[in-house]
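Visitor: Could you take me close up to a single spot in this protein, and then walk me outward from there? I am new to this, so please go step by step.

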Amino acid sequence: EQYLKLSPSMSGQHLFTAGPDGDIEAFDATNGEPLWSEELDDVYVTGGPGTGENTLLIGTGEGKVIALNAETGKQLWQSQLSSEILSPPLRREGMVVARTNDGKVFGIDANTGKRIWVYDRTVPALTLRGTSAPAIDSGLVVAGFDAGRLAALELRTGKLVWEAAVATSRGRSELERMVDIDSDPLIFDGVIYVASFQGQLAAVQLDSGRILWNREISSHAGFTVDENHVYVTDDESHVRAFDRFSGSTLWSNEKLHVRGATGPARVGDYIVVGDMEGFLHWMDRATGDFVARVQLSAKRILVQPFVVGKVLYAYSSDGELAAYTYR
């Protein structure tokens, strides 16, 4: 009911889920067998779980980041931030990075929970509910913001390295001017791919912030990238494929119109999305044609499926968790 995208995450052979009531569970990713469970008292989980360096990270509606040992579920520390956390915190190189709903990105000492730095941007008067999770690569934190801006920060210090406008506000009303970046930026081979609502899909050079190409598209559901292509679900629930190097359109599947399709995942020769009726749709990644369909749950699939190796993991809003392989 709160449109929380509490997506499972994976570390090693452990698969983790978090419920809004504070129930945290770990499973064996190969067979789904429970490993441990932990109940966090008096918290409302709104972001996560995130992982990194044997640590499981949870964000709460009260603005707390809670760190757990990924092997045992034992709580390590809590850190109080400025507002609600709607995306997974991440741990890399001894730092935890968390994005709050009031336009801030925090750098936290991963061993103690002490706040090291904060980067702050003004939030527009009207935004979508949700925030993108920062991406971390080559000592940089890449974060998308509600005004269509993309920023690269030093992981250790929070110092701004560069900032780029990947979408421009247009229109008379605040609604028409919304260009939020709610899809997580993805980094592939030194290039950042980012999509915005009522804005653009863009490829941005990681080291300089130079925009390599952009295409008009409105998306907040998410996208994925492989060696040659970018696959995006737009705000009309159309799944589209673009050339990764030029941005040229390869195909578009409009048969899931207004079915609330999730962002796509690529597994082998297929692209997979979930929808508001609990179905997973499998498409040929070369043409976009449907090849299979399976119902995971009677409830909506809100979160983007994800792939590890040859296995696709999917999670419905009523807590149904499943793993699929392909032939």
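## A buried threonine and its surroundings

Guide: Let's start at T262, which counts as buried because its relative accessibility is 2%, and the cut-off for buried is under 20%. Please keep in mind that what you see is a predicted model.

Where does T262 lie? Look in the loop between β24, residues 249-253, and β25, residues 265-267. Now, which residues is T262 in contact with, once its neighbours within four places in sequence are left aside? The list runs through A221, T233, V273 and G274, and then I301, L302, V303, Q304 and P305.

Stay with this loop for a moment and find V258, which also lies between β24 and β25. At 59% relative accessibility, V258 counts as exposed, since exposed means over 50%. So the loop that holds T262 and V258 includes a residue that is buried and one that is exposed. V258 has another feature to look at: its phi is positive, about 55 degrees, although V258 is not a glycine.

That backbone angle gives us a link to another place, D189. Here, too, phi is positive at about 55 degrees, and D189 is not a glycine. You will find D189 in the loop between β17 and β18, and with a relative accessibility of 64% it counts as exposed. The two strands form a hairpin with two residues between them, and D189 is in the turn.

Let's follow the chain on either side of that turn. Strand β17, residues 186-188, pairs with β18 in the antiparallel sense over three bridges. If you would like one pair to trace by eye, take I187, whose bridge partner in β18 is I192. Strand β18 has a second antiparallel partner as well: β19, residues 199-205, joined to β18 over five bridges. There, Y193 has A203 in β19 as its bridge partner.

Is β18 itself enclosed or exposed? Five of the five residues in this strand, 191-195, are buried, so β18 is largely enclosed by the rest of the structure. Turn the view and you can see how its residues point: V191, Y193 and A195 go one way, I192 and V194 go the other way, and all are buried.

Now let's visit another hairpin, made by β3 and β4 with five residues between them. G32 sits in its turn with a positive phi of about 80 degrees. The strands, β3 at residues 23-28 and β4 at residues 34-39, run antiparallel and are joined by five bridges. One pair to look for is A26 with its bridge partner W36 in β4.

A26 also leads us to L15, because A26 is among the residues that L15, which is buried with a relative accessible area of 4%, touches. L15 lies in strand β2, residues 14-18. Besides A26, the residues L15 touches include M10, E25 and F27, and also F306, Y313 and L321, whose numbers you will find much further along the chain. For another pair, compare L15 and A70: they are 55 residues apart in sequence, and their C-alpha atoms are 9.7 Å apart in space.

One more stop is P49, found in strand β5, residues 45-52. The peptide bond leading from G48 to P49 is cis, with omega near -5 degrees.

Finally, let's step back to the whole chain. Its secondary structure comes to zero helices and 31 strands. The radius of gyration is 19 Å, close to the 20 Å that the globule rule gives for 327 residues, so the chain is as compact as a globular protein of that length. Its C-alpha atoms fill a box of roughly 50 × 45 × 35 Å along the principal axes. Buried residues, T262 being one of them, make up 53% of the 327 residues.

Methods. Residues numbered from 1 in each chain as written. Predicted model: local features only at pLDDT ≥ 70, side-chain atom pairs only at ≥ 80, totals over all residues. Heavy atoms only, no water. Helix = DSSP H or I, 4+ residues; strand = E, 2+ residues; numbered from the N terminus. Buried < 20%, exposed > 50% of the residue type's maximum accessible area, 1.4 Å probe, protein only. Contact = heavy atoms within 4.5 Å. Rg over C-alpha atoms; globule rule 2.2 N^0.38 Å. Pairing = 2+ DSSP bridges.
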